[in-house]
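Got your viewer open and a selection box ready? Let's walk through this one stop by stop.

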Amino acid sequence: MSSRILCAAFGLALVLAPTGQAAAHCFVGARFFPATLVTDDPCVADEMSLPTLSFSSANPSGRENDVGVDFAKRITENFGITVGTTWTFVRPPANDATLGTSASGFQNLDTAFQYQVLKDAQHEFALLAGLVVEWGSTGAAGVGAPPWSTLQPTVYFGKGFGDLPDNLGLIRAFAITGQVGYQVPTTSFDLTNQVPISQNLAYGASLQFSFPYLKSNVIDLELPNFINHLIPIVEAQFLSPVANNDGNPWITTGTVNPGVIWVGDYFQVGVEAIIPINRASGTNIGAIAQLHFYLDDIFPNSIGRPLIGSAPPPQKPFGD
Amino acid sequence: MRKTLLVFVPLLLSGAAAHAHAFLDHANPRVGSTVRSAPSEVTLWFTQKLEPAFSSAQVRDSSGARVDQGARVDGMQIHVPVKALSPGTYRVRWKVLSVDTHTTEGNFTFRVGQ
């Protein structure tokens with residue numbers, strides 16, 4: 001009993017312990033990691049994506065349109081929760097039992113519980129651990145929302161290349177982010193379709209070139225102001241069945257998403273193409289666009305702050 | 001969704017209650033530039049007003065020795081007088097706190113006479 005209490009206290013201490021000064025959305029040293037569109041950035045933050053619009057052929061024989069909303073809130077300086085939902089129109093319906101040529105409705109509710117493990121300012125490195133939960137039976141079967149829940153422990157990272165030698169020039173403006181998760185459904189067998197429900201490896205990454213970083217930390221080329229707010233990016237996301245998949249095809253699905261993000265003071269706008277990696281992932285190129293708000297900048301004294309605790313008091317720069 | 005946008009858009013347009021992170025807008029000497037004659041001061045311009053007590057900058061030569069003579073914060077600017085600079089590469093490090101309590105930092109180099 002006492003060991004359980006000790007473990008709980010240790011866990012609470014971890015959650016409440018600050019890792020650094022208030023920086024809120026994803027600043028790590030001189031590096032800013034923007035909110036990416038199909039993967040997740042490596043920081044807890046107070047942010048909201050409203051809306052995320054996508055048009056794709058994720059349904060191999062038809063098309064799918066999605067309108068998504070995500071709201072991320074820091075509970076403490078290092079622990080945050082994200083809630084997201086997506087309204088989907090799909091043709092033909094994803095579920096054979098659905099009548100008609102199309103279907104629409106909400107996908108299952110998603111929730112992510114995330115903890116900021118590390119922010120290394122000098123090396124522009126961030127590490128985040130989380131548990132993503134898709135809540136079964138909260139969405140419409142006709143758009144493919146399953147009746148079972150899925151638990152997905154996930155690790156996220158981000159690394160800027162700004163700590164490379166100065167003579168590498170433009171390369172220092174690049175950064176990568178990535179995530180690896182393991183999907184475990186709460187049910188192992190789909191009684192409706194008489195097939196096992198696979199456990200999957202869900203992974204993705206992004207390669208990004210930051211013009212804001214280039215201008216502020218590498219070389220000011222006196223480019224137009226609009227260009228200096230751009231972060232060209234290539235994202236990729238994949239899903240590979242790894243267990244309990246007998247009778248189903250062992251095919252990795254995924255997309256590669258080249259695009260660009262414009263970063264402002266209070267919000268960002270991102271646009272990417274969605275390119276399926278094989279026919280099982282889709283048959284046509286789609287697109288995704290997102291308007292994303294930095295709540296910590298818009299409401300710095302209310303919903304832009306952690307609910308519990310406060311950031312450490314500001315320090316004198318350089319220990320002066 | 002429409003109601004939420006009705007709340008956000010006027011706020012974003014007015015900017016009345018909001019203060020963003022302070023980014024380095026530009027510097028003199030320019031980030032990554034080479035200047036023929038040594039400057040007597042490095043000046044940094046930021047995108048937001050700074051908290052003077054918690055904002056500063058330093059200039060160091062290629063051996064890591066400081067060549068600045070302190071820093072003075074003035075609104076959205078930091079002025080860093082420097083000693084007489086000989087030809088070489090110098091690194092400017094800055095760390096600032098904007099008025100909304102968000103910290104940002106960065107560093108860059110410039111060269112003199114090379």
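## Starting with chain B

Select chain B and follow its elements from the N terminus: they run α-β-β-β-β-β-β-β-β. That makes one helix and eight strands, where helices (H or I, at least four residues) and strands (E, at least two) are DSSP runs, numbered from the N terminus.

Before you click further: this is a predicted model, in which local features need pLDDT of at least 70 and side-chain atom pairs count only at pLDDT 80 or more, while totals for chains, interfaces and linings use all residues. Residues are numbered from 1 along each chain as its sequence is written, chains are lettered from A and ligands numbered from 1 in the order in which they are written, and side-chain values use heavy atoms, with hydrogens and water left out.

Colour chain B by burial. Of its 114 residues, 43% count as buried; buried means under 20% relative accessible area, exposed over 50%, and partly exposed in between (1.4 Å probe, protein chains only). Chain B exposes about 5700 Å², with carbon and sulfur atoms supplying 52% of that. Those accessible areas come from the Shrake-Rupley method with a 1.4 Å probe, and for residues only the protein chains shown count as cover. Now try a contact map, taking contact as heavy atoms within 4.5 Å. Among the chain B contacts between residues at least 6 apart in sequence, 57% join residues at least 24 apart.

## Where A meets B

Next, show both chains. The contact takes 40 residues from chain A and 41 residues from chain B. Together the two chains bury about 3400 Å², 61% of it on carbon and sulfur atoms. On the chain A side, pick Ser216(A), Tyr266(A) and Phe318(A): they lose the most area to chain B, together 18% of what that side buries. Buried area here is the accessible area (1.4 Å probe) that two parts lose on being put together, summed over both.

## A helix under cover

Ser216(A) leads us to α2(A), so select residues 211-218 of chain A. Is this helix enclosed or open? Seven of its eight residues are buried, so it is largely enclosed by the rest of the structure. The buried ones are Phe211(A), Tyr213(A), Leu214(A), Lys215(A), Ser216(A), Asn217(A) and Val218(A). Both chains help to cover them: the cover includes β2 (31-32), β13 and β14 (230-243) of chain A, together with β1 (24-28) and β8 (103-112) of chain B.

Zoom in on the N-terminal end of the helix. Ser210(A) caps it, with a side-chain oxygen 3.0 Å from the backbone nitrogen of Tyr213(A). Then add Arg31(A): its charged end sits over the ring of Tyr213(A), 3.8 Å from the ring centre. The test for that is NZ of Lys or CZ of Arg within 6 Å of the ring centre and within 35 degrees of the ring normal.

## Aromatic stops

Now display the rings of Phe, Tyr and Trp (its six-membered ring): they pair if their centres lie within 6.5 Å, and planes under 30 degrees apart count as stacked, over 60 as edge-to-face and the rest as tilted. How many aromatic pairs does a search of the whole structure find? Ten, over all chains.

Start with Phe27(A) and Phe32(A), a tilted pair at 5.0 Å centre to centre and 35 degrees between the planes. Both are buried. Add Tyr294(A) and Phe23(B), and you have one aromatic cluster with these two.

Then jump to Phe174(A) and Phe209(A), an edge-to-face pair at 4.9 Å and 65 degrees. Phe174(A) lies in strand β10 (residues 174-185) of chain A and Phe209(A) in strand β13 (residues 199-209), so the pair ties together parts that are 35 residues apart in sequence. Phe174(A) is partly exposed at 27% relative accessibility, whereas Phe209(A) is buried at 13%.

## Backbone oddities

Switch to the backbone of chain A. The peptide bond from Leu50(A) to Pro51(A) is cis, with omega near -5 degrees, and Pro51(A) is in strand β3 (residues 47-56). Another cis bond joins Arg91(A) and Pro92(A), with omega about -5 degrees; Pro92(A) lies in the loop between β5 (79-91) and β6 (103-106).

For positive phi outside glycine, go to Ser137(A), at about 65 degrees. This serine is in the loop between β8 (125-135) and β9 (150-160) of chain A, and is exposed at 53% relative accessibility. Finish at Asn244(A), where phi is near 55 degrees. Asn244(A) lies in the loop between β14 and β15 (253-263) of chain A and counts as partly exposed at 34%.

Conventions: Polar contact = N/O pair within 3.5 Å; in protein donor to acceptor, adjacent residues only side chain to side chain.
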